[in-house]
Amino acid sequence: MSRINLAVIGVGLIGGSLGLCLKNKLGDAIHITGLCRTEESMRRAVEMGAVDEATADIAAVVGDADIVFLSPPVLQIVPMVERILPFLKPGTILTDAGSTKGFLCEALKKILPPSIYYIAGHPMTGREKSGVTAATKDLFRGKAYVIIEDPSVPPEVMERLMHILRYTEANFTTLDLARHDRCAAVISHVPHLAAAALVTLLNRSGDDLDSCLKLIGGGFKDTTRIASSNADMWADICMTNRKPIVDALHEMQAILGTVADAVERGDRAAIYDYFTASKQRRDSILHDAGQKFDTN
């Protein structure tokens, strides 16, 4: 098999981790070029081995690419594709790490010629840290990686991409656009908003703030860890998945409203049932989730 040329646009946590993984697995059988936001990030990406070379010259980054992995914040992906499009060779595969899919798919399908293929993807992994210095070669291993169903993509093109992505050892699954965005709102987007809300609640504790800070332990730190995530990325996610996020937030408001009413009434049985049901469901979810993936 000839050498694979991969371009990574946005060599941060996700793009950098992909690069580290593939270089570790494939060595010289893959050549990775990278584009970062700053000269410092480009230097670090090369030093860490996440890319073979990094440059601000877009044509040099993507001109020979067989696959382009797009990993900037969601609202920057379409403008970036518009910039790189004149330099792509026929047959190039574009894929992405965007946390919302409907917005991107609709926009990209309008501007891509038939000779350029777009396969929407979403690796469901990350850390509260950002930037290439937070990247690790094992970030994808065992994590869910969604590939969006698209009958217009030829099977052999899909296989070209999957041949590379399987080296991540992620758990691959396929979803349609709408279902992905609804599910991502529930299991990823709203939890980030909730974590930020808990930090905001703490910050609004007034005269009790100093005392609250002295009491912070593992529970608060674990529950709010993801509130330290990149604000630029999460603002874009909220703007591009508005309806599913708002629908899920309203449902959560209703749940919390019911709980608040039970607490106010002193209804211990209702509160006990609430905690019992959530514990049982969480335990079963964690047990069953790993059985639902196609690991091939």
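# A tour of the predicted model

Start by selecting Ile84 in this predicted model. Apart from residues within four places in sequence, Ile84 is in contact with Ile58, Val62, Val68, Leu70 and Leu94. Show those side chains as sticks and keep them on screen.

Now widen the selection to the nonpolar core. The largest one has 68 residues, and Leu6, Val62, Val68, Leu70, Ile84 and Leu94 are those with the most contacts inside it. Domain 1 (4-175) and domain 2 (180-265) both contribute residues, so this core lies between them. In soluble globular proteins, nonpolar side chains tend to be buried together.

**The two domains**

Colour the protein chain by its division into domain 1 (4-175) and domain 2 (180-265). How far apart are the C-alpha centres of domain 1 and domain 2? They lie 29 Å apart. The contact takes 18 residues from domain 1 and 17 residues from domain 2.

**Strands β1 and β4**

Go to Ile4, in strand β1 (residues 4-9). Ile4 has a relative accessible area of 9%; buried means under 20%, so Ile4 is buried. Leaving out neighbours within four places in sequence, the contacts of Ile4 are Ala29, Ile30, His31, Asp66 and Ile164. For a view across the model, draw a distance from Ile4 to Gly131: these two are 127 residues apart in sequence, and 25 Å separates them C-alpha to C-alpha.

Next select Ile67, which is found in strand β4 (residues 67-70). Between the C-alpha atoms of Ile67 and Ile4 there are 8.2 Å, although the two are 63 residues apart along the chain. Is Ile67 buried or exposed? Its relative accessible area is 5%, so Ile67 is buried. Not counting residues up to four places away in sequence, Ile67 touches Asn5, Leu6, Ala7, Ile93, Thr95, Arg160, Leu161 and Ile164. Ile164 is thus worth displaying, because it is listed among the contacts of Ile4 and among those of Ile67, under the contact limit of heavy atoms within 4.5 Å.

**Helices α4 and α5**

Select helix α4 (residues 74-84) and helix α5 (residues 102-111). The two pack at an angle of about 10°, and their axes are 10 Å apart. That angle makes α4 roughly parallel to α5. On the α4 side, the contact is made by Val74, Leu75, Ile77, Val78, Val81 and Glu82; on the α5 side, by Phe103, Leu104, Ala107, Leu108 and Ile111.

**Strand β8 and the loop before β9**

Move to Val146, whose place is in strand β8 (residues 144-148). Val146 is buried, with a relative accessible area of 4%. Beyond residues up to four places away in sequence, Val146 touches Ala120, Gly121, His122, Met124, Thr173, Leu175 and His180. The C-alpha atoms of Val146 and Cys183 are separated by 11 Å, and the two residues are 37 apart along the chain.

Then find Glu169, in the loop between α6 (155-165) and β9 (171-175). Glu169 is not a glycine, yet it has a positive phi of about 60°. With a relative accessible area of 38%, Glu169 is partly exposed.

**Helix α7 and its partners**

Select helix α7 (residues 177-203) together with helix α11 (residues 242-265). They pack at an angle of about 60°, with 9 Å between their axes. The two helices are therefore oblique to each other, and α7 passes α11 in a right-handed crossing. Residues to show in α7 are Asp181, Arg182, Ala185, Val186, His189, Val190 and Leu193, and those of α11 are Pro244, Ile245, Ala248, Leu249 and Met252; these make the contact.

Keep α7 and swap α11 for helix α10 (residues 231-240). Here the packing angle is about 120° and the axes are 11 Å apart. This makes α7 oblique to α10, with a left-handed crossing. Ser188, His189, His192 and Leu193 of α7 meet Trp234, Ile237 and Cys238 of α10 in this contact.

End the tour at Ser188, in helix α7. Ser188 counts as buried at 12% relative accessibility. Which residues does Ser188 touch, not counting residues up to four places away in sequence? They are Met124 and Trp234. Met124 has come up before, as one of the residues that Val146 touches.

Definitions and conventions. Residues are numbered from 1 along each chain as its sequence is written. This is a predicted model: local features need pLDDT of at least 70, side-chain atom pairs count only at pLDDT 80 or more; totals for chains, interfaces and linings use all residues. Side-chain values use heavy atoms; hydrogens and water are left out. A nonpolar core is a set of buried Ala, Val, Leu, Ile, Met, Phe, Trp, Tyr and Cys residues joined through side-chain atoms within 4.5 Å. Buried means under 20% relative accessible area, exposed over 50%, partly exposed in between (1.4 Å probe, protein chains only). Domain bounds come from an automatic or database domain assignment. Axes are lines fitted to C-alpha atoms, for helices over the stretch in contact, and angles run from 0 to 180 degrees between N-to-C directions. Helices (H or I, at least four residues) and strands (E, at least two) are DSSP runs, numbered from the N terminus. Angles under 35 degrees count as roughly parallel, over 145 as roughly antiparallel, 65 to 115 as roughly perpendicular and the rest as oblique. A crossing is left-handed if the near helix is turned anticlockwise from the far one by less than a right angle, and right-handed if clockwise.
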